[in-house]
Amino acid sequence: MDQSWRSALRRLALAAGVAAFVGWLLDITAWTLLAVFVAYTIWHLKQLRKLQLWLQSQDKETPTSDGLWGKVLDDVHRLQKSHLQTQTRLKAVLTRVQDSTAALKDGVLMVDSHGNLEWWNKASNRLLGLKEATDLGQPITNLVRDPNFKAYFDHAVYDEPLEIASPLNQDITLQFHITLFGRRDRLILVQNITRLKHLEAMRQDFVANVSHELRTPLTVITGYLETFMENQDMLPPRWGRALGQMNQQSQRMQNLVNDLLLLSRLETSHNQDHAEVHVQPMLQTIVRDAQSLSGERQHKISLESVDINLLGLDNELRSAFSNLVFNAVKYTPANGMINVRYWQDETGVYFSVQDNGIGIDSRHIPRLTERFYRADASRSMDTGGTGLGLAIVKHVLLRHEGRLDIQSRLGKGSTFICHFPLKRAIETASAQGQSA
Ligand code: ADP
């Protein structure tokens, strides 16, 4: 027990003892004891009142008292002092955070769990046209009036940022990053990415223009080379090898130009009308082509396919599927097995190509869909690979709300799986007949 408590109890006991003794002498013990307890209670009430008045007045000067009350007042004073210090420290931190976010070029906004604006920095006024006087507490979706923003905000899955035109100027592109915190409060970061967009567009235009310009001279060169090859017997024999190599390299360049043009089309053309794509006959043609590409290497290529169509773009899906199947032929030694499958289950529609070829080291897998990334550069060159095939597959799948999954073990083989959402499946009459 605390020292002050002990002395308070001692004093009470002493007062009660004296009162009892005096009461015994005068034969009024009960009255003297009652008088002592009433006086004691009144004294405590007075101390309590003093404490209450002091707390209400927020006077810095601590009132003095002795004994237990002195200790209580001291403790309260100490608590108050440390609370004040913490408050001052927090205020300083908050001011610094506010100053630094105010100096930011990017917009920072805080939105509560109901989607109402709680706080924002100055840059947000400039980027989104917010006004402190009227917009505080307003729903953010009323202030950024873009259906894409509303859908993104309400969906509450913020793995990827959102890009939309600024509500103030359609020529400015803004990128929104949203982070959930606390009890579904949101921190929104807004960046002006117009310059980045311009640079990206310039890069895409440049690649598309160069590829386009290279097309005609390449067609002329390959045309002449083919004529020379056809009439080789009229040429000196030592030209044969050179012609063969020139023909092979010009073919590679043509493949490269075609792939670059296809990639830039995939990046730049949007809002194309998706239609019903007949996948099964497409796969049958691809497998036939793969068999002729395999030629003397005689791969065993099998096809298992359901008769389900996909909502999409025929030429793009053909390009993605054939890239995967032809890769399997390229990277599987002679007589290898290649299994092409197309199926549907309750989670989606899937296309997969499995081979027992050279396989890929796991460290390469995350980077395979980057342009010009090759796990084995020399082998890719030998096969006439451009290094763009999987980048094309990735882009095509993105445009069909799909994704690519790669499983592989070095020396054992690889499986490439394309996932499509179920909503893209279109049942054909024959499939309906089978399920009926
Ligand atoms: P490339 O034109 O070089 O084949 P891709 O983009 O199609 O380019 O493929 C990228 C790299 O992925 C290839 O260079 C190759 O190393 C690896 N790769 C792709 N498919 C397979 C496969 N079925 N088996 C083993 N490696 C593969």
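**A colleague's note on the ligand site and two aromatic residues**

1. Let me start with Trp343, which has its place in strand 9, residues 337–345. Please keep in mind while reading that this is a predicted model. Leaving out neighbours within four places in sequence, the contacts of Trp343 are Val306, Gly348, Val349, Tyr350, Ser352 and Ile417. If you would like a long-range reference, Trp343 and Arg215 are separated by 128 residues in sequence and by 38 Å in space, C-alpha to C-alpha.

2. On to the ligand, which sits in the largest pocket. Helix 11 (314–330), helix 13 (389–399) and strand 12 (413–420) are the elements that each give two or more residues to the shell around the ligand. Helix 11 provides the largest share of that shell, with three residues.

3. How many residues surround the ligand, and which are the closest? The number is 22, and the closest are Tyr331, Ser380, Thr386, Gly387 and Leu390. Sorted by class, the shell holds ten nonpolar, eight polar and four charged residues.

4. Now for the individual polar contacts, which are worth a look on screen. An oxygen atom of the ligand has a polar side-chain atom of Asn327 at 2.8 Å. From the backbone, an N or O atom of Gly389 lies 3.2 Å from an oxygen atom of the ligand. A nitrogen atom of the ligand is also involved, at 3.4 Å from an N or O atom in the side chain of Ser414. As for burial, the ligand taken alone exposes 530 Å², and the protein buries 98% of that.

5. My last stop is Tyr373, found in the loop that runs between strand 10 (348–355) and helix 12 (377–382). Not counting residues up to four places away in sequence, Tyr373 touches His364, Arg367, Leu368 and Gly387. Gly387 may ring a bell, being listed among the residues closest to the ligand.

6. Which side chain is joined to that of Tyr373 by a polar contact of 2.7 Å? The partner is His364, a residue that is also in the contact list of Tyr373. For a distant pair, take Tyr373 and Met282: they are 91 residues apart in sequence, and their C-alpha atoms are 28 Å apart in space.

7. A short recap for your own viewing session: begin at Trp343 in strand 9, move to the ligand in the largest pocket, and finish at Tyr373, which touches Gly387.

Terms used: Residues are numbered from 1 along each chain as its sequence is written. This is a predicted model: local features need pLDDT of at least 70, side-chain atom pairs count only at pLDDT 80 or more; totals for chains, interfaces and linings use all residues. Side-chain values use heavy atoms; hydrogens and water are left out. Helices (H or I, at least four residues) and strands (E, at least two) are DSSP runs, numbered from the N terminus. Contact means heavy atoms within 4.5 Å. A polar contact is a pair of N or O atoms within 3.5 Å; within protein, one must be able to donate a hydrogen and the other to accept it, and residues adjacent in sequence count only if both atoms are side-chain atoms. A residue is near a molecule or strand if one of its heavy atoms lies within 4 Å of it. Accessible areas come from the Shrake-Rupley method with a 1.4 Å probe; for residues, only the protein chains shown count as cover. On a 1 Å grid over the protein atoms alone, a cavity is a set of points where a 1.4 Å probe fits but cannot get out, and a pocket is an open set with protein on both sides within 12 Å along at least five of seven lines; lining residues have an atom within 4 Å of a point. A molecule sits in a cavity or pocket if more than half of its atoms lie within 2 Å of its grid points. Ala, Val, Leu, Ile, Met, Phe, Trp, Tyr, Cys and Pro count as nonpolar, Asp, Glu, Lys and Arg as charged, and the others, Gly among them, as polar.
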